[in-house]
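The following explanation leads the reader through one structure, step by step. Please keep the sequence and the three-dimensional view at hand while reading.

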Amino acid sequence: MSEEHRPAYHLLPPSGWLNDPNGLGQRDGTFHAFYQYNPDAPVHDRICWGHATSDDLVRWRHEPVALRPDTPADADGCWSGVLVDDGGVPTLVYSGHREGELQQACLATGSSDLRTWTKDPANPVLTAPPDAGVTVFRDHCVWREDGRWRMLVGGSLHGRGAAMLFTGPDLRSWEYAGPLLVDDGSVGPGAPDWPGTAWECVDLFEVDGTHVLAFSAWDDDRLMHALALTGRHAGDRFVPHARHRLDLGRLTRGPRRGQAAFYAPQSFRDERGRRVLVGWLPEDRPEADCVAAGWAGVLSLPREVTVRPDGTLHQEPVAEVATLREELVHDGPADDLLLDGERLDLELDVRLPPGGRVTLVLRGVEHRLGRHGDGAWLERDGTGGPVPLDADRVAVRALVDHSVLEVFAGGVPLSSRSYAVAPTTVSARGAEVSGRAWTVGPAGPAQP
Ligand code: FRU
């Protein structure tokens, strides 16, 4: 599979289909990433859990498939979920999928190296509460609080996005505590941060003292965007204060044009205390091209999430990404730069006075950074959003890995894809740019 578009320093399976990251975590120093996986073809069907391990979050080893759809409760797919530690026993909580039914929560317990998994005979351990108006019910966020387990399940209540809360003394007996939060309908379709009609992949966490409820807004099979609400979580309630897009990127060319280019993120707290977020970067080309290539879907680079003093979220690739750099190919003024190479890492310091503009062309795709009132605006193909300015300056990081493009401007990411083979250029008008650029080595697991 020597295909020019295949990423070489992002995590993807040897072949077949990948969607959501699952069961992210670190145990005894080793990072684990599981993911929605169809080993048989690059299409979403009969989903298994793929598994990879790493010592540094950027160099991954493929591990045996962790879960396959082979029991009555998950006969047609092992959908998204999480890894928890149940009194020392590694345990996966995932959504068992049966065609035509709402998903149901299932468990599997693992060996200490997380390579061998045994499904719980009690599966499913939870089904959607009857008569509650639930029309979508899947994906899990599970934690311990006050000596009890708590679980959020994402979905839809009476046609509105919701995170449903369950509590239990163990992972096998759950009680419905009601919705932690239901969309209030105040932001409608068409808004760039519309919460959709169902919430997938709910994730509740705390970072820098702020509570964050992240989810992926879904609407009738359209993957809208990954959002995060910052606010206050206490007991059975989450009070949102502000809503943020977790990535500005949208697909622009393929059959899912207009939909999220970064979707279904999950986060975990690593052993150093960092909040690390990883999402799924879908393909932006026709299915026939994916079938010809033999693969589809890749995980984003892991990002460290922090909260700025103004309460907004800041994301940047984890520091380990810089260890993949090979050759320094530029150092200095960069307002008229041309670089060859299919794997690049650019770190730019942009001074953007009013009226200034910087154009970054990555693999033939124009990314424009311009002024927008007191802040800046980053866009690709007319899709984008606001970026904070710090005394007229923006720190830009741009990562190219064959067809994967990830741009971070002022800690705001815009992910996308390009299947053009073209050089990278930087140009500026009324702005100053300087910085460094490196080629990046292949770092993925051994390619087949
Ligand atoms: C999000 C999602 C999840 C589901 C999984 C199925 O992309 O639809 O809600 O569990 O993918 O693969």
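In this predicted model, strand β31, made of residues 404-409, is joined to β32 by 6 bridges, and the two strands run antiparallel. One residue of this pairing may be picked out: Ala409 has Val412 in β32 as its bridge partner. Both strands belong to an open sheet of 6 strands, whose order is β23-β34-β25-β30-β31-β32 and whose pairing is antiparallel. At the edges of this sheet stand β23 (325-333) and β32 (412-417), each of which pairs on one side only. From one strand to the next, the twist averages 15 degrees. As a general point for reading such a sheet, the side chains of a regular strand alternate between its two faces.

A further open sheet can be followed in a similar manner. It consists of 6 strands in the order β24-β33-β26-β27-β28-β29, and its pairing is antiparallel. Here the edge strands are β24 (336-339) and β29 (383-387), and each pairs on one side only. Neighbouring strands of this sheet are turned against each other by 15 degrees on average, if direction is ignored.

The order of the strands may be traced from one pair to another. β24 pairs with strand β33 (residues 424-429) in the antiparallel sense over 4 bridges. Within this pairing, Leu338 stands opposite Thr425 in β33. Strand β26 (residues 357-362) is joined to β33 by 5 bridges, and these two strands also run antiparallel. Which residue of β33 is the bridge partner of Val361? The partner is Thr425, the residue that Leu338 stands opposite as well. Further along the order, 6 bridges connect strand β27 (residues 365-372) with strand β28 (residues 375-380), again in an antiparallel arrangement. In this pair, Arg371 stands opposite Ala376 in β28.

The discussion now turns to the ligand. The residues around the ligand are Asn19, Asp20, Gln36, His44, Trp79, Ser80, Arg138, Asp139, Glu200, Tyr263 and Trp280. Sorted by class, this shell has 3 nonpolar, 4 polar and 4 charged residues. Which strands each supply at least two residues of the shell? They are β1 (16-27), β5 (77-86) and β9 (134-145).

Several polar contacts can be located individually. A polar side-chain atom of Gln36 lies 2.6 Å from an oxygen atom of the ligand. For Asn19, an N or O atom in the side chain is 3.0 Å from an oxygen atom of the ligand. In the case of Ser80, a polar backbone atom takes part, at 3.1 Å from an oxygen atom of the ligand. On its own, the ligand has 320 Å² of accessible area, of which the protein covers 94%.

One residue of the shell, Asp139, also deserves attention for its backbone. Asp139 is found in strand β9 and has a positive phi of about 75 degrees, although it is not a glycine. The loop between β8 (117-119) and β9 contains Pro124. A cis peptide bond joins Asn123 and Pro124, with omega at about -5 degrees.

Aromatic rings form the last topic. A pair of such rings is described by the distance of the centres and the angle of the planes. Over the whole structure, a search finds 10 aromatic pairs. One of them is formed by Phe166 and Tyr176, with 5.0 Å from centre to centre and 35 degrees between the planes, and this pair is tilted. Because Phe166 lies in strand β11 (residues 160-170) and Tyr176 in strand β12 (residues 173-182), the pair ties together parts that are 10 residues apart in sequence.

Notes: Residues are numbered from 1 along each chain as its sequence is written. This is a predicted model: local features need pLDDT of at least 70, side-chain atom pairs count only at pLDDT 80 or more; totals for chains, interfaces and linings use all residues. Side-chain values use heavy atoms; hydrogens and water are left out. A residue is near a molecule or strand if one of its heavy atoms lies within 4 Å of it. A polar contact is a pair of N or O atoms within 3.5 Å; within protein, one must be able to donate a hydrogen and the other to accept it, and residues adjacent in sequence count only if both atoms are side-chain atoms. Accessible areas come from the Shrake-Rupley method with a 1.4 Å probe; for residues, only the protein chains shown count as cover. Ala, Val, Leu, Ile, Met, Phe, Trp, Tyr, Cys and Pro count as nonpolar, Asp, Glu, Lys and Arg as charged, and the others, Gly among them, as polar. Two strands pair if DSSP finds at least two bridges between them. Axes are lines fitted to C-alpha atoms, for helices over the stretch in contact, and angles run from 0 to 180 degrees between N-to-C directions. Rings of Phe, Tyr and Trp (its six-membered ring) pair if their centres lie within 6.5 Å; planes under 30 degrees apart count as stacked, over 60 as edge-to-face and the rest as tilted.
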